[in-house]
Amino acid sequence: MRIGLLTEGGYPYVSGDARLWCDRLVRGLGQHEFDIYALSRSERQEDEGWIQLPPQVSRVRTAPLWMAEDDGAVYGRRARRRFAEAYGELAAALCEGSEAAAVGTATSGSARAADGSGNAGAAEADRFGSALYELAELARDEGGLIGALRSEGAVRALECACRAPGALRAARAARVPDLLTVAAHVERALRPLSLDWYEGDGLDSVDLCHATAGGTAALPGLLARHFSGVPLLVTEYGVQLRAHYLESAAVGDVPAVRALLAAFHGRLTSEVYRAAAVITPGNTHARRWQERCGADRAKLRTVYPGMEASRFAEVGESPETAGYADPETLVWVGRIEPAKDLISLLHSFAEIRKDEPKTRLRIVGAPADGPEGATYLAHCKALAAQLFPDEATGVHAVGDNPVSFEEIGGPEVPSLPEAYASGAVIVLSSVVEGFPISLVEAMFCGRATVSTDVGAVVEVIGGTGLVVPPRNPRALAEACVALLRDPERRGRLGAAARARALELFTVEQNITAFHGIYLDIVSHSPLRRVVVDAAGEPLPFGVPAEAHVPGRWAEARLMPTGRPRWAAGAPVRATVPVPAGEGA
């Protein structure tokens with residue numbers, strides 16, 4: 001099977017999102033062939049290069065999202081008219097509808113039907129999708145769309161939509177600087193429409209497109225489905241629409257910009273969910289977000305992220321690890337940033353010290369990238385120094401602070417497993433969390449945990465650890481003290497946690513799940529094409545056997561005439577594999 005893996009800001013680059021699980025997935029499915037289509041986010045990311053790719057990756061094609069030169073496409077009168085109509089429809093779809101839909105509180109299909117807003121929401125989604133595909137066809141016909149999206153005509157079309165009767169109240173208040181901001185953001189998000197990935201042995205020749213995120217990352221998959229009927233699989237371990245809402249609120253955009261961009265990302269997400277054959281959230285927390293944003297429940301299949309358990313085996317399986325851990329030490333592991341709420345953890349530790357004066361807290365991690373992370377770390381260190389003045393056993397002894405800040409690779413914590421092994425209880429104090437990776441690592445190590453009830457924490461823990469409300473230092477302190485005083489309970493919880501992690505969160509279960517989903521999608525959405533070798537001869541078994549299995553796919557892919565697409569005289573495409581060493 002030939003898979004088109006679509007990424008944004010991650011694999012195959014050395015840094016970025018979803019890099020590890022994509023690499024594990026590709027390496028674990030050696031029986032399939034992968035074409036990587038990657039959108040980069042920064043020049044720095046491109047300069048860092050790629051990771052070592054396995055042999056099943058036949059090609060890599062990349063395109064920058066952080067910059068785009070004018071494609072040089074010169075539009076004639078007819079093309080300009082087509083663009084004005086399509087972009088005007090797109091802008092109108094963003095400006096029309098309820099205020100709730102614009103700020104990202106769109107409900108599922110059943111809820112919309114219940115409150116009578118289903119028809120309006122469906123009409124807006126259809127309008128957005130039709131305009132999006134018309135722009136894609138225009139880009140294909142004219143050789144690009146970058147210049148048109150940056151033109152004055154695009155801003156005028158957006159302004160007309162905002163001033164039209166029935167437009168959103170926030171949109172009507174948009175000023176020219178606001179419209180320029182929105183137009184620039186839309187142009188950046190729609191850059192994949194101008195790529196040459198969709199024809200000539202590109203995405204049109206793969207059996208399946210697998211988008212590793214929603215939003216812009218899935219756009220090439222949308223177009224491959226539109227132009228060539230290639231089925232689309234969308235995986236979201238962090239819901240892109242949710243991330244946009246959080247980022248928009250943090251940046252503090254003016255209401256008009258925030259409403260229009262929320263509407264754009266909401267409509268794009270709805271179209272991606274509508275077009276996808278299967279959507280795989282990484283946990284129930286992400287699944288609820290997807291349903292809230294309009295995903296069909298019948299398409300959703302939860303697939304937990306796969307993590308490497310072997311690196312923690314020595315700590316998790318060795319009976320000596322219980323003795324190696326300091327029974328009076330709490331350990332926090334993660335990236336130091338405001339969302340982790342180390343301030344509450346330090347105040348909680350002050351309460352713990354009142355009941356257990358010998359307890360120590362080890363904070364292991366590096367600050368998040370950028371000045372915010374370094375500033376937050378400095379603030380946490382200052383608070384720790386204020387709450388816990390250096391203690392000394394006597395007048396001639398050197399004082400020692402019970403809170404330490406360390407990084408992996410230092411003399412005290414040479415490796416990540418040793419960081420978890422050094423503590424009796426692992427603590428997670430976050431106020432915002434998606435899938436808690438550090439929590440799963442602690443479970444692999446057989447450690448008892450105390451966590452805040454955010455994101456997918458409860459789903460991951462499943463009764464093998466203690467969970468308290470976020471931003472509640474007293475509750476966090478009481479839970480930690482309870483485990484510090486009961487070593488037998490710690491041992492039982494740690495053993496149960498390790499067993500649960502080995503059952504649900506390993507690389508093997510993740511690869512097995514995606515392998516089954518790949519076969520299921522292809523069996524219901526086969527592409528009729530002849531695969532040939534380098535000499536032009538038909539390649540035996542070039543088409544997966546599942547493509548020949550009869551099923552409901554024939555009913556789903558009927559043309560208006562009632563005949564299957566492949567029986568209507570559609571041209572048969574030939575795919576010639578790219579020799580090793582060649583690619584983008």
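## Salt bridges, buried residues and crossing helices

Glu 48 and Arg 44 sit four residues apart in helix 2 (residues 43–48), so about one helical turn separates them. (Helices here are DSSP runs of H or I with at least four residues, strands are E runs of at least two, and both are numbered from the N terminus.) What you're looking at is a predicted model, where local features need pLDDT of at least 70 and side-chain atom pairs count only at pLDDT 80 or more, while totals for chains, interfaces and linings use all residues. Residues are numbered from 1 along each chain as its sequence is written, and side-chain values use heavy atoms, with hydrogens and water left out.

### Salt bridges

The structure holds 28 salt bridges, each one a side-chain nitrogen of Lys or Arg within 4 Å of a carboxyl oxygen of Asp or Glu. Here are some of them.

| Pair | N to O distance |
|---|---|
| Arg 2 and Asp 35 | 2.8 Å |
| Glu 48 and Arg 44 | 3.4 Å |
| Glu 291 and Arg 287 | 3.6 Å |

Start with the side chains of Arg 2 and Asp 35, which meet in a salt bridge. Arg 2 belongs to strand 1 (residues 2–8) and Asp 35 to strand 2 (residues 33–40), so this pair ties together parts that lie 33 residues apart in sequence. Is this pair buried or exposed? Arg 2 is buried at a relative accessible area of 5%, and Asp 35 is buried too, at 0%. (Buried means under 20% relative accessible area, exposed means over 50%, and partly exposed is in between, using a 1.4 Å probe and protein chains only.)

Back in helix 2, Glu 48 comes out partly exposed, with a relative accessible area of 35%, while Arg 44 is exposed at 62%.

Glu 291 and Arg 287 are likewise four residues apart, in helix 14 (residues 284–292), which puts about one helical turn between them. Glu 291 counts as buried at 16% relative accessibility, whereas Arg 287 counts as partly exposed at 22%. Elsewhere, salt bridges that share partners link Arg 82, Glu 134, Arg 140, Asp 141 and Glu 199 into one network.

### A buried arginine and its helix

Which residue is buried yet has no salt bridge? That's Arg 490, whose nearest side chain of opposite charge, Asp 486, is 7.0 Å away. (For the charge signs, Lys and Arg are positive, Asp and Glu are negative, and His and the chain ends are not counted.) Arg 490 lies in helix 23 (residues 487–504). Setting aside residues up to four places away in sequence, Arg 490 touches Pro 327, Ala 424, Val 425, Ala 448, Leu 483, Leu 484 and Arg 485, where a contact is heavy atoms within 4.5 Å.

Arg 490 also turns up where two helices meet. The axes of helix 22 (residues 473–484) and helix 23 come within 6 Å and cross at roughly 100 degrees. (Axes are lines fitted to C-alpha atoms, for helices over the stretch in contact, and angles between N-to-C directions run from 0 to 180 degrees.) Helix 22 and helix 23 are therefore roughly perpendicular to each other. (Under 35 degrees is roughly parallel, over 145 roughly antiparallel, 65 to 115 roughly perpendicular, and the rest oblique.) Helix 22 brings Ala 482, Leu 483 and Leu 484 to this contact, and helix 23 brings Pro 487, Arg 489, Arg 490 and Leu 493. By class, that's five nonpolar, no polar and two charged residues. (Ala, Val, Leu, Ile, Met, Phe, Trp, Tyr, Cys and Pro count as nonpolar, Asp, Glu, Lys and Arg as charged, and the others, Gly among them, as polar.)

### Another crossing

The axes of helix 3 (residues 77–95) and helix 13 (residues 255–275) come within 8 Å and cross at roughly 110 degrees, so helix 3 and helix 13 are roughly perpendicular as well. The contact is made by Ala 93, Leu 94 and Cys 95 from helix 3, together with Leu 260, Ala 263, Phe 264 and Arg 267 from helix 13. Six of these residues are nonpolar, none polar and one charged.

### Two buried valines

Val 440 is found in helix 20 (residues 437–444) and is buried, at 0% relative accessibility. Its C-alpha atom is 7.4 Å from that of Val 460, 20 residues away along the chain. Leaving out residues up to four places away in sequence, Val 440 touches Met 307, Phe 435, Val 460, Ala 501 and Phe 505.

Val 278 has its place in strand 6 (residues 278–281) and is buried at 5%. Val 278 and Asp 520 are 242 residues apart in sequence, yet 9.7 Å apart in space, C-alpha to C-alpha. Not counting neighbours within four places in sequence, Val 278 has contacts including Leu 232, Leu 233, Val 234 and Ile 517.
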